[in-house]
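This report introduces a protein model to a reader who has not met it before. Please look over the sequence and the structure shown here before reading on.

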Amino acid sequence: MAMIDNKTQCFNCKKKKITYPCEGCSQRFCFMDLSEHKQILNDELNHITNEYNEFKQRINEQKQNPQHLQNHSLIKQINLWEIDSIEKIQQNAQECREIFIKYSQTCIDDIEIKFHDLCEQIKQIHEENEFNEMNLDYLRNQLIEITEELNNPSTISIQQDSQSFINEISIIPLEKKHKQILNDELNYITNEYNEFKQRINEQKQNPQHLQNHSLIKQINLWEIDSIKKIQQNAQECREIFIKDSQTCIDDIEMKFHDLSEQIKQIHEENEFNEMNLYYLRNQLIEITEELNNPSKISIQQDPQSFINEISFIPLEKSKFLPNNF
């Protein structure tokens, strides 16, 4: 009676021998190669265990030192947004300051021309000594108008993407002679004219006085307020990210604990195959990726403007009355 041939080809050495199946890779190995295959699986398990220990150390370090998150890509993205936004605010504010100073110099030149015309009219009245209330009212109104224009340029204003006028009064003693009253009024206008002329000369010689102008102060306040909003928003985002990251690390630690128990069980039982190792490897890759790139957190920029840009809006220039009486 012939011996039953129960030999099959070994997957590793390719010889016909008595072979044993591996449920993990579904291949058959002879006794010697099966031992070698088992050793390969042991080496792979040890490699996964080492990676697990390294990952465990990373989690512990991150829990003990949350400041490491300051180097995270999302924190860097928040920092870049903060820097870029502040630069844009400062640039916008500086451009508006420069436009205002340049425009104010042009405005002073225009006022000086009008003031020269008024000077000639006052000189003419003094020389001819022929004038009445209508002439004085006209001169007074002209002087008030160009003084107002110098103090508060009506041709420019600040607009944000999203106006006071008091009539001056004076008391004139009624008992004065009429002509004397008119002369006093003319002298008063002349004095105001001289003071105003001095102011124009001072402003032309010293453009730096414009730094104290209300519009410049308005620009500065807008710049400071906008930068505060940017910094506050950036800090809130950093704090939210760090808090959510700690929660994420706690979740990962729970998953990692489960993986730790499975690895420990495999070591104790010493019963595993490629399928078990494949599962452990994928679990470790998945939670490592989750730690490196939290999928639950991202940065979103609102398409609507967070800071309203400012700009100068030219308004219609004020009109002088005709240069005649």
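## A helical span and its record

In this predicted model, the span of residues 38–65 is 96% helix and 0% strand, and its end C-alpha atoms lie 41 Å apart. The UniProt record, an unreviewed entry, lists residues 38–65 and also residues 179–206 under "coiled-coil region".

## Overall make-up

The protein has six helices and six strands, and when these are read along the sequence they follow the pattern β-β-β-β-α-α-α-β-α-α-α-β. Of the 325 residues in the protein, 32% are buried.

## Helix α1 beside α6

Two packed helices are described by the angle between their axes and the distance between the axes. For helix α1, residues 31–64, and helix α6, residues 274–292, the angle is about 20 degrees and the axes are 10 Å apart. Angles under 35 degrees count as roughly parallel, and α1 and α6 are therefore roughly parallel to each other. The crossing in which α1 passes α6 is left-handed. On the α1 side the contact includes His37, Leu41, Glu44, Leu45 and Ile48, while Glu274, Leu277, Leu280 and Arg281 are among the residues that α6 contributes. By character, the residues of this contact between α1 and α6 divide into eleven nonpolar, five polar and five charged.

Is Leu41, one of the α1 residues in this contact, buried or exposed? Leu41, which has its place in helix α1, counts as buried, with a relative accessibility of 6%. When its neighbours within four places in sequence are left aside, Leu41 is in contact with Phe272, Asn273, Glu274 and Leu277, and of these Glu274 and Leu277 are named among the α6 residues of the helix contact.

## Helix α1 beside α5

Helix α1 also packs with helix α5, residues 214–269, at an angle of about 155 degrees and with the axes 11 Å apart. Angles over 145 degrees count as roughly antiparallel, so α1 is roughly antiparallel to α5. Here too α1 passes its partner, α5, in a left-handed crossing. The α1 residues that make the contact include Leu45, Ile48, Tyr52, Phe55 and Ile59, and those of α5 include Ile249, Ile252, Phe256, Ile263 and Ile266. The residues of the contact of α1 with α5 divide into ten nonpolar, seven polar and four charged.

Several α1 residues, including Leu45, Ile48, Tyr52, Phe55 and Ile59, are listed both in the contact with α6 and in the contact with α5.

## Helices α2 and α3 and their loop

Elsewhere in the chain, α2 and α3 pack at an angle of about 160 degrees, with their axes 10 Å apart, which makes α2 roughly antiparallel to α3. The crossing of α2 and α3 is left-handed. In α2, residues including Cys107, Ile108, Ile111, Phe115 and Leu118 take part in the contact, and they belong to a set that meets residues of α3, among them Tyr138, Leu139, Leu143 and Ile146. The residues of the contact of α2 with α3 divide into twelve nonpolar, three polar and two charged.

The loop between α2, residues 73–128, and α3, residues 133–151, holds Glu130. With a relative accessible area of 62%, Glu130 is exposed, whereas Leu41 of helix α1 counts as buried. Apart from its neighbours within four places in sequence, Glu130 is in contact with Ile125 and Asn135, and Ile125 of α2 and Asn135 of α3 are also listed in the contact between these helices.

Definitions and conventions: Residues numbered from 1 in each chain as written. Predicted model: local features only at pLDDT ≥ 70, side-chain atom pairs only at ≥ 80, totals over all residues. Heavy atoms only, no water. UniProt positions renumbered as here; feature names shortened; annotations may be inferred. Helix = DSSP H or I, 4+ residues; strand = E, 2+ residues; numbered from the N terminus. Axes fitted to C-alpha atoms, helices over the stretch in contact; angles between N-to-C directions. Parallel < 35°, antiparallel > 145°, perpendicular 65-115°, else oblique. Left-handed = near helix turned anticlockwise from the far one by under 90°. Contact = heavy atoms within 4.5 Å. Nonpolar A, V, L, I, M, F, W, Y, C, P; charged D, E, K, R; others polar. Buried < 20%, exposed > 50% of the residue type's maximum accessible area, 1.4 Å probe, protein only.
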